[in-house]
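I set out to record what I looked up, one entry at a time. Each entry begins with a place in the chain and ends with what I noted there.

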Amino acid sequence: MRYESRRTRRDFLAGLAVGTGLLSGGCNRALHPVESPGGPADVTLRIGPVLVDIAKDHTISTIGYNGGVPGRLIRLREGAPVTVDVFNETDTPEYVHWHGLMVPADVDGVEEEKSLVAPPHGQLRYRLTPRPAGARWVHSHAMSMSDVNRGTYTGQFGFVYIEPASDPGRYDQEVFLATHEWEPFYTTAEMEETPDAEQLARKAAQPKDEKPNGWEIGYQKFTINGKCLGHGEPVRVKQGQRVLFHFLNASATENIQLALPGHVFQVTALDGNRVPHPQPVEVLELGTAERIDAVVEMRNPGVWILGTPMDDDRGNGMGIVVEYANQGGRPRWVKPRKQPWDYTIFGENRQAPSPDETIPLVFGKINGGAGGFNHWTINGKSYDEKAEPRILHKGRRYRLVFDNQTDDAHPIHLHRNSFELTSVNGKPTAGVWKDVVLLKGFKKIEADLTPAMEGLTLFHCHQQLHMDYGFKLLFNVA
Ligand SMILES: [Cu+2]
């Protein structure tokens, strides 16, 4: 796919940075009040308290990176090693996870892999080599458990964009949008999608648990790039432009949909990886931690709302205004048609090569009951830090069979690797590479993994409450 090149990306970002206060080049040197030994690093992450003005007279007090939420865009070049400084200005140990990067376990930023920890009021310096190219991100990997002021509930997240070594890419306009929710509360309400016939039948056939479902999380406020709908700068476009959107669902727990009425998204990459068959869709779906790159041709002048089709959530902020030049008036929203999300439309219609070994992973739930937390199991067991990691061998092709025996959707994530989708709800596919896949209630997805790097590799559900209460499994690649 070619993009027009009237302006370079960097020029555009420099312009946008003024408006949103969140984007800049990969280098944060101007913000170093304290020099680290050995001089400034290529990338600095300062973890500390931040106030986020999400709307007029509505400020969130949270923890963020480099004083903003989201943290400023970090642009890196594929294969070019960088030095990273992490300053932790909080009272608690922190883990900074480089999501979607193939990096060694010690810098991956996750406790279970025995990564380096950023100590309270301490500093951490390390080197990493950014790869593969594409839309990645960085976020806290701290456990939250029942504390909704920790981990991914906070503002500790930001885009990482890794430029390909060979094709730097020039765009007309490039826009990074990250969704996040605020003011979480515990609720017994289950916010499920309308189930299909299979899901209804499976739910009816489930043995009646002695305990009811445990706590779920709801939110008061919803934001894109730290602003509720109507409270930030609009995305300013011109008629005829091709705008490349990078979407990131930086939620702790929510799976979301996004639409831009009067326009279609030409999806070019999932989780930063180019898809074999870019396709136009009206509604995007992103499980927690998923990314989508999509090009929109601006051919419908006006002022529009890019937002969630869920009216309540959009009313509470989940949207951003897209404004054409020389257009005014109230931003328009039109309810999109229902269109089920299907990963396979972006893939190749063929059978993937046979795996060397198949690993069944059955996901189960033990209901927590009123006032309790549900616990999650993989092959009948909740995560046990004392258990020996499951050994995988470098270069061997494994087929992971994700079998969801629960009525909940799970954004399943594997660290330090991408996997290739090979079957989605019985439909074979190939060529779609991801690091998170959204597995709906009672559905089955198969994905092939050929580990390329040795070391500990965490597999887990990216829904923070599910991960914290058992939905994790540790691999060790030998
Ligand atoms: Cu889950």
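In which loop does Thr90 lie? I found Thr90 in the loop between β4 (82-88) and β5 (96-99). I note at the start that this is a predicted model.

**Entry 1: Thr90.** I looked up the accessibility of Thr90 and read a relative accessible area of 9%. Buried means under 20%, so I entered Thr90 as buried. I then listed its contacts, leaving out residues up to four places away in sequence: Thr90 touches Ile47, Gly48, Ile63, Pro120 and His121. I also recorded a polar atom of the Thr90 side chain 3.2 Å from the backbone oxygen of Thr92.

**Entry 2: the copper ion.** Which protein atoms are the donors of the copper ion? I noted ND1 of His410, SG of Cys461 and ND1 of His466, lying 2.0 to 2.1 Å from the ion. Along the chain, I wrote the spacing of these donors as H-x50-C-x4-H. I checked two of the donor residues for accessibility. Cys461 is buried, with a relative accessible area of 0%, and His466 is buried as well, at 4%.

**Entry 3: cis peptide bonds.** I turned next to the peptide bonds before two prolines. Val69 and Pro70 are joined by a cis peptide bond, with omega at about -5°. I placed Pro70 in the loop that runs between β2 (58-65) and β3 (71-77). Arg131 and Pro132 are likewise joined by a cis peptide bond, and here too I read an omega of about -5°. Pro132 is in the loop between β6 (122-128) and β7 (134-140).

**Entry 4: positive phi angles.** Ala289 is not a glycine, yet I read a positive phi of about 80° for this residue. I located Ala289 in the loop between β16 (283-286) and β17 (291-297). Is Ala289 buried or exposed? I recorded Ala289 as buried, because its relative accessible area is 0%.

Asn425, also not a glycine, has a positive phi of about 50°. I found Asn425 in the loop between β25 (419-424) and β26 (427-434). Its relative accessibility is 44%. Partly exposed covers the range between under 20% and over 50%, so I entered Asn425 as partly exposed.

**Entry 5: review.** I reread my notes on the two residues with positive phi. Ala289 is buried, whereas Asn425 is partly exposed. I closed the notebook with the copper donors once more: His410, Cys461 and His466.

How values were computed
Residues numbered from 1 in each chain as written. Predicted model: local features only at pLDDT ≥ 70, side-chain atom pairs only at ≥ 80, totals over all residues. Heavy atoms only, no water. Helix = DSSP H or I, 4+ residues; strand = E, 2+ residues; numbered from the N terminus. Buried < 20%, exposed > 50% of the residue type's maximum accessible area, 1.4 Å probe, protein only. Donors = N, O, S within 2.8 Å, 3.2 Å for Na, K, Ca; no water. Polar contact = N/O pair within 3.5 Å; in protein donor to acceptor, adjacent residues only side chain to side chain. Contact = heavy atoms within 4.5 Å.
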